[in-house]
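Visitor: I would like to learn how to read surface charge, helix faces and salt bridges from a set of coordinates. Could we take them one at a time?

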Amino acid sequence: MAHILIADDDELIAEILTDAFAAAGHPSHVVASAEAAWESVHMWRPDIVVLDQDMPGMPGLALLAKLRASPLFYDLPVVMLTAMRADCERGVDEDSAMEAGAQDFIRKPFVPEALVTRIEAALQRGVAPVSVAAVYEEIACPEDILESASYWQRYLPATRRA
């Protein structure tokens, strides 16, 4: 049983998702904006977020970036769900969603049972851990830090080495 946060301003889509998740044994909570989703994850951490791209206010991709930048929610699985096409204004395509850290990208319209299967698969995969070396590449003196990390890596027990 996974607790799912649905962020979608379309009431019909939210109802279809809620019913599909309930039938699969997953309770869900619905919010109608990315801002409300941000507030909601602070009050209650879901197991996964199903996030629409095109909502009033902040777009879904901006919330995804905010979650990935957060020390509290960087590892929260997110599946993008959108009717938008890449060539549409303000559109998001699968590549940009996946590069931003989404675990999956599902287009509307969808088959509810298939969507539940993909959400469950995303839950099992989780969020890929961030590579320490990749993080060090982003900071000012990567050679010094990587050298230091290599030094300390030798002293970690074999079970803690990644």
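Visitor: In which helix does Glu-15 lie, and is Glu-15 buried or exposed?

Guide: In this predicted model, Glu-15 has its place in helix H1, which spans residues 11-23. Its relative accessible area is 48%, and because the exposed class begins only over 50%, Glu-15 is counted as partly exposed. Together with Asp-9, Asp-10, Glu-11 and Asp-19, Glu-15 forms a patch of negative charge on the surface.

Visitor: How should I read the burial pattern of a helix, and which residues of H2 are buried?

Guide: The general idea is that an α-helix has 3.6 residues a turn, so residues three or four places apart point the same way. In H2, which covers residues 34-43, the buried residues are Ala-34, Ala-37, Trp-38, Ser-40 and Val-41. Viewed down the axis of H2, these buried residues fall within an arc of 165 degrees, so they line one face of the helix. The face turned away from that buried side carries the exposed residues Glu-39 and Met-43.

Visitor: How many salt bridges are found in the whole structure, and what can one learn from them?

Guide: A search of the whole structure finds 4 salt bridges, and it is useful to ask of each pair where its partners sit in the chain and how accessible they are. The side chains of Arg-45 and Asp-75 meet at 2.7 Å, N to O. This pair links distant parts of the chain, with Arg-45 in the loop between H2 and strand E3 and Asp-75 in the loop between H3 and strand E4, 30 residues apart. Arg-45 is partly exposed at 38% relative accessibility, and Asp-75 is partly exposed at 33%.

Visitor: Which salt bridge does Asp-52 form with Lys-108, and at what distance?

Guide: The side chains of Asp-52 and Lys-108 meet in a salt bridge of 3.4 Å, N to O. Asp-52 lies in strand E3 and Lys-108 in the loop between strand E5 and helix H5, so the pair ties together parts that are 56 residues apart in sequence. Asp-52 is buried, with a relative accessible area of 3%, and Lys-108 is buried as well, at 13%. Asp-8 joins Asp-52 and Lys-108 in a network of salt bridges.

Visitor: Where do Arg-118 and Asp-104 lie?

Guide: Arg-118 and Asp-104 meet through their side chains in a salt bridge of 2.7 Å, N to O. Arg-118 lies in helix H5 and Asp-104 in strand E5, so the pair ties together parts that are 14 residues apart in sequence. Arg-118 is partly exposed at 35% relative accessible area, whereas Asp-104 is buried at 11%.

How values were computed
Residues are numbered from 1 along each chain as its sequence is written. This is a predicted model: local features need pLDDT of at least 70, side-chain atom pairs count only at pLDDT 80 or more; totals for chains, interfaces and linings use all residues. Side-chain values use heavy atoms; hydrogens and water are left out. Patches are made of residues with over 30% relative accessible area and no salt bridge: like charges are joined within 9 Å, nonpolar side chains (Val, Leu, Ile, Met, Phe, Trp, Tyr) within 5 Å. Accessible areas come from the Shrake-Rupley method with a 1.4 Å probe; for residues, only the protein chains shown count as cover. Lys and Arg count as positive and Asp and Glu as negative; His and the chain ends are not counted. The place of a charge is taken as NZ of Lys, CZ of Arg, CG of Asp or CD of Glu. Helices (H or I, at least four residues) and strands (E, at least two) are DSSP runs, numbered from the N terminus. Buried means under 20% relative accessible area, exposed over 50%, partly exposed in between (1.4 Å probe, protein chains only). The arc is that of the directions from the helix axis to the C-beta atoms.
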